[in-house]
Amino acid sequence: MSAVTEAPVVLARPDPRSLPGETGMVERPRRRFMPFDPWHLFLAPLAVVMLLPLMWMVVTSLETQAQTFHFPPILWPGTLRFENFANVIRESEFGTWFWNTTVVTVTIVLSNLVLCTLAAYAFARIRFLGRGVIYFVLLATLMVPLQVVLIPTFLIVKDLGLLDRLGALIVPHLASVFGIFMLTQFFRTLPIELEEAARIDGASRLSILVRIVVPLSLPALATLAVIQFMWTWNEFLWPLVTILTNQSAFTLQLGLATFQGAHQSQWHFVAAANIMSMVPILVLFLLAQRYFVRGIATQGLKG
Amino acid sequence: MARVVFDGVTKVYPGAVIAVEDLTLEVADAEFLILVGPSGCGKSTALRMVAGLERISEGTITIGDRVVNDVPPKDRDIAMVFQNYALYPHMTVERNLGFGLRRRRTPRDDVRQRVDEVSRMLGLDELLRRRPGQLSGGQRQRVAMGRALVREPEVFLLDEPLSNLDAKLRVQMRSELKRLHDRIGVTTIYVTHDQVEAITLGERIAVLSEGVLQQVGPPQDVYDHPANVFVAGFIGSPPMNLLRGRATGGRITVGEVELVDPQVPEGEVLVGIRPEGLRPVGEDHAGPVFEVCVDVVEPLGDEVLVHGSIEGPVADVRSRAEDEALLADDEGDRARVTLRLPPEERPKPGSRLRAAIAQHTVRLFDPATGLAIRPR
């Protein structure tokens, strides 16, 4: 933990705002040798390192199978084989996987937005017996690793008769403790006067939630939606455990795994399918990012 | 229109914190009553109990003919303006104004008509399409007022509505508020910690301290005849000068000065004199005169405040700690006093000044209880 909480390392650099007297000597503005910040010398290579795997994946998706096994890796193939993408769609059940994943993800995101909002509002604003204890217990479940609950959850899903069906992927994740926690904390920051004013104006609890709290919580809700979308879209272990034989219930991640056999892996197809499966997340992120700014909740206050 | 009656109202917060204690007060129909007191005196809590935002621990609050202790806020027919305005930031001014009416399922045309009326009355018609974030402080304040007015409530509750405005705007809005009340005549309870606002706005003011009602009355009465030392110190700026004295045989001795009061009971008394009750006189003045040693002179344009000290005894007076703090600061055997003089009088700091006491302005308090002796 300490690595996370420690302040980031900052190279010693004179603060241009510090007064001359503070260091005991007069500081002159430093002569600039470079037209950019020296930090960029460190950051730019780092960015290249980060982008390299992505680039490699793009390149791989455009190669022949033989080229993918070449060593050293070919980073610029002579001909670009865009037909890899068409082949993935034609020769596998890519459409079905994509549709299944979309159904599962959209259902889970929507139900999380609704259920977590309701629960979080109750925790944030309604006084009821045992509120603190229940909240604490809920939070405590965040500390339990997935491996611990994997088998019990599997047994429950099995008893519900959901194995091998999309329901097995959806039902256990309809609401998330993380979502409740995040929204509760956000709702607590909203000015209580807005809700009091609405109460006097004649709004019911539900009306206050729908008309005042939710519109003011769009940044938090958008964040939750994107996080939940990414988690669900990329989930591999749980579908692997619960979708046993029914190929028509495969998700994208399960489908992608079928390109990797015990004896042979079709890396060019893996890469092409992976790129296609990333598109929805990128689109969602671009759409949602305008909400990732400071909320407007305090703009109706004061002068 | 309705009257509001507090009957023995007490509010106890968890942890046995008493915010309001046994408050009994009647606000007449169409009256403009000010609840005033220092911060933490329970005035906002009292207001919030009328609104239904706080539960009442003991006693009853009646609006009109109905005890409202268990009536939810929306059914009390009240409207409230919050200190921070609490405008809905994601709605336009028009939707803010109409929110309450729409929640009450008022027909759409009626909502539009009411919103139009009120926005014209408050000069908001140009701003209807804007959101609160695009308004100035004064405009937001007006929208908050409008949102309350639009519903035509029985009772209007205002919680320090002007405290976030700059000084100039505050004075302007103060007179606007008064005009507005004269025009619509709704029972209004107005909470403020600003005693100038209290005196200028209210038909009656109710002074609270530590949850306890100290005095109720027309502002001038409260100013002229404070019921106790707290009110004497709180209402009026600068506050009343409070000096320690001793009464024997119808004479009160304050330092070297003797005041005549045939009815005063024997013993220690606190002598209260308003800053304007002291005026400079020449050497030949016959009546009782303080020798004031001038420290600081504050010319305010229309008047001059003179802070100084007089010869005064430091008596061991038993009184509540907060009252003690109100007493004129004693430095050794000198007591601090403040004089309010006309602008042409400009004594020099360090000089001496003879100040005559306008005897009819002198108020006496019992040092043991802090209560006024012979209140009106």
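**Exercise 1. Describe how S9(B) and S10(B) pair, and what the turn between them holds.**

Step 1. S9(B) and strand S10 (residues 212–217) of chain B pair in the antiparallel sense, over five bridges. Strands pair here if DSSP finds at least two bridges between them. Strands are DSSP runs of E with at least two residues, helices are runs of H or I with at least four, and both are numbered from the N terminus.

Step 2. Take one pair of residues. Leu208(B) stands opposite Leu213(B) in S10(B).

Step 3. Look at the hairpin. Two residues lie between the strands S9(B) and S10(B), and Glu210(B) takes a positive phi near 50 degrees.

The model is predicted: local features need pLDDT of at least 70, side-chain atom pairs count only at pLDDT 80 or more, and totals for chains, interfaces and linings use all residues. Residues are numbered from 1 along each chain as its sequence is written, while chains are lettered from A and ligands numbered from 1 in the order in which they are written.

**Exercise 2. Find the other partner of S9(B), and state how enclosed S9(B) is.**

Step 1. Strand S3 (residues 32–36) of chain B pairs with S9(B) in the parallel sense, over four bridges. Ile34(B) stands opposite Ile205(B) in S9(B).

Step 2. Count burial. Five of the six residues of S9(B) (residues 204–209) are buried, so the strand is largely enclosed by the rest of the structure. A residue is buried if 20 or more other C-beta atoms lie within 10 Å of its own, exposed if 12 or fewer, and partly exposed in between, with C-beta atoms placed from the backbone.

**Exercise 3. Order the strands of the mixed sheet of chain B, then place H1(B) on it.**

Step 1. Six strands form an open sheet in chain B. The order is S6-S7-S8-S3-S9-S10, and the pairing is mixed.

Step 2. Find the edges. Strand S6 (78–81) and S10 of chain B each have a single partner strand, so one side of each is left without a neighbour in the sheet.

Step 3. Give the twist. Neighbouring strands of this sheet are turned by 15 degrees against each other on average, direction ignored.

Step 4. Check an inner pair. Strand S7 (residues 155–159) and strand S8 (residues 187–192) of chain B pair in the parallel sense over five bridges. The bridge partner of Leu158(B) in S8(B) is Tyr190(B).

Step 5. Add the helix. Helix H1 (residues 43–51) of chain B packs on the sheet and touches S3, S6, S7, S8 and S9 of chain B. The direction of H1(B) makes about 145 degrees with that of S7(B). Axes are lines fitted to C-alpha atoms, for helices over the stretch in contact, and angles run from 0 to 180 degrees between N-to-C directions.

**Exercise 4. Work out the second sheet of chain B.**

Step 1. Five strands form an open sheet in the order S13-S12-S11-S14-S21 (chain B). The pairing is antiparallel.

Step 2. Strand S13 (257–260) and strand S21 (363–365) of chain B stand at the edges. The twist averages 35 degrees from one strand to the next.

Step 3. Strand S12 (residues 251–254) of chain B pairs with S13(B) over four bridges. Val254(B) has Val257(B) as its bridge partner in S13(B).

**Exercise 5. Characterise the contact between the chains.**

Step 1. Chain B gives 26 residues and chain A gives 21 residues. Contact means that C-beta atoms, placed from the backbone, lie within 7 Å.

Step 2. On the side of chain B, the elements that give two or more residues are S6, helix H2 (93–103) and helix H4 (137–149) of chain B.

Step 3. Sort that side by class: 15 nonpolar, seven polar and four charged residues. Ala, Val, Leu, Ile, Met, Phe, Trp, Tyr, Cys and Pro count as nonpolar, Asp, Glu, Lys and Arg as charged, and the others, Gly among them, as polar.

**Exercise 6. Describe the fold content of chain A and the packing of H9(A) on H12(A).**

Step 1. Chain A has 15 helices and zero strands. Of its 303 residues, 26% count as buried.

Step 2. Helix H9 (residues 177–189) and helix H12 (residues 218–234) of chain A pack at an angle of about 165 degrees, with their axes 10 Å apart. That makes H9(A) roughly antiparallel to H12(A); the class covers angles over 145 degrees, with under 35 roughly parallel, 65 to 115 roughly perpendicular and the rest oblique.

Step 3. Residues in the contact include Phe186(A) of H9(A) and Leu224(A) of H12(A). By class, the contact of H9(A) with H12(A) has five nonpolar, two polar and no charged residues.

Conventions
Contact = placed C-beta atoms within 7 Å.
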